[in-house]
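Q: I am new to this structure. Could you walk me through how to read its features?

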Amino acid sequence: MKKVICKVEYDTEKATLVEKRTFGEFGDPTGYEESLYVTENGKYFLYVNGGAESVYTEENIKRMSAAKAEEWKNA
């Protein structure tokens, strides 16, 4: 997935996956995934996607500061 936020392109195919977390089982309408990526320039973003009843009902990309990415990794 690609998304431009504040004139910066975030692309899951070009960035490096740092960590992926899955909540729920495949097919669970409340299940979702969060995947932390880092770009070549050191910018972090979270790719999210989930079932129809989850906290992420649509796939999306959310940019993150390095500090927030560290918090996410340590949570």
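A: Yes. The model is predicted. Start with one pair of charged side chains: K20 and E33 meet in a salt bridge, 3.6 Å from N to O. This pair links distant parts of the chain. K20 sits in strand β3, residues 16–23. E33 sits in strand β4, residues 32–38. The two are 13 residues apart.

Q: Are K20 and E33 buried or exposed?
A: Neither label fits, because partly exposed covers the range between the cut-offs of 20% and 50%. K20 has 45% relative accessibility, so K20 counts as partly exposed. E33 has 27%, so E33 is also partly exposed.

Q: How many salt bridges does the structure hold?
A: There are five. One of them joins R21 and E19, at 3.1 Å from N to O. Another joins K68 and E71, at 3.9 Å from N to O.

Q: Where do K68 and E71 lie?
A: Both are in helix α1, residues 66–74. They are three residues apart, which is about one turn of the helix. K68 is partly exposed, with a relative accessible area of 46%.

Q: What about R21 and E19: which is buried and which is partly exposed?
A: R21 has 16% relative accessibility, so R21 counts as buried. E19 has 29%, so E19 counts as partly exposed.

Q: Which ring does R21 lie over?
A: R21 lies over the face of W72. The distance from the ring centre is 3.8 Å. R21 therefore has two partners to look for: E19 in the salt bridge and the ring of W72.

Q: How do I read a pair of aromatic rings?
A: Use two values: the distance of the centres and the angle of the planes. In this structure the count comes to four aromatic pairs. Take Y10 and F45. Their ring centres are 5.4 Å apart and their planes are at 65 degrees, so the pair is edge-to-face.

Q: Which strands hold Y10 and F45?
A: Y10 lies in strand β2, residues 8–11, and F45 in strand β5. The pair ties together parts that are 35 residues apart in sequence.

Q: Are these two rings buried or exposed?
A: Buried. Y10 has 4% relative accessibility, so Y10 falls in that class. F45 has a relative accessible area of 0%.

Q: What kind of pair do Y37 and F45 form?
A: A stacked one. The rings are 5.2 Å apart, centre to centre, with 5 degrees between the planes. Both Y37 and F45 are buried.

Q: Which residues do the ring pairs link into a cluster?
A: Y10, Y37 and F45. F45 takes part in the edge-to-face pair with Y10 and in the stacked pair with Y37.

Q: Now a loop residue. Where is E58 found?
A: Look in the loop between β5 and β6. Strand β5 covers residues 44–50, and β6 covers 60–64.

Q: Is E58 buried or exposed?
A: Compare the value with the 50% cut-off. E58 has 61% relative accessibility, so E58 counts as exposed.

Q: Which residues is E58 in contact with, leaving aside neighbours within four places in sequence?
A: V48 and N49.

Q: How far apart are E58 and E19?
A: Give two answers, one for the sequence and one for space. In sequence, E58 and E19 are 39 residues apart. In space, they are 20 Å apart, C-alpha to C-alpha.

Terms used:
Residues are numbered from 1 along each chain as its sequence is written. This is a predicted model: local features need pLDDT of at least 70, side-chain atom pairs count only at pLDDT 80 or more; totals for chains, interfaces and linings use all residues. Side-chain values use heavy atoms; hydrogens and water are left out. Helices (H or I, at least four residues) and strands (E, at least two) are DSSP runs, numbered from the N terminus. Buried means under 20% relative accessible area, exposed over 50%, partly exposed in between (1.4 Å probe, protein chains only). Contact means heavy atoms within 4.5 Å. A salt bridge is a side-chain nitrogen of Lys or Arg within 4 Å of a carboxyl oxygen of Asp or Glu. Rings of Phe, Tyr and Trp (its six-membered ring) pair if their centres lie within 6.5 Å; planes under 30 degrees apart count as stacked, over 60 as edge-to-face and the rest as tilted. A charge sits over a ring if NZ of Lys or CZ of Arg is within 6 Å of the ring centre and within 35 degrees of the ring normal.
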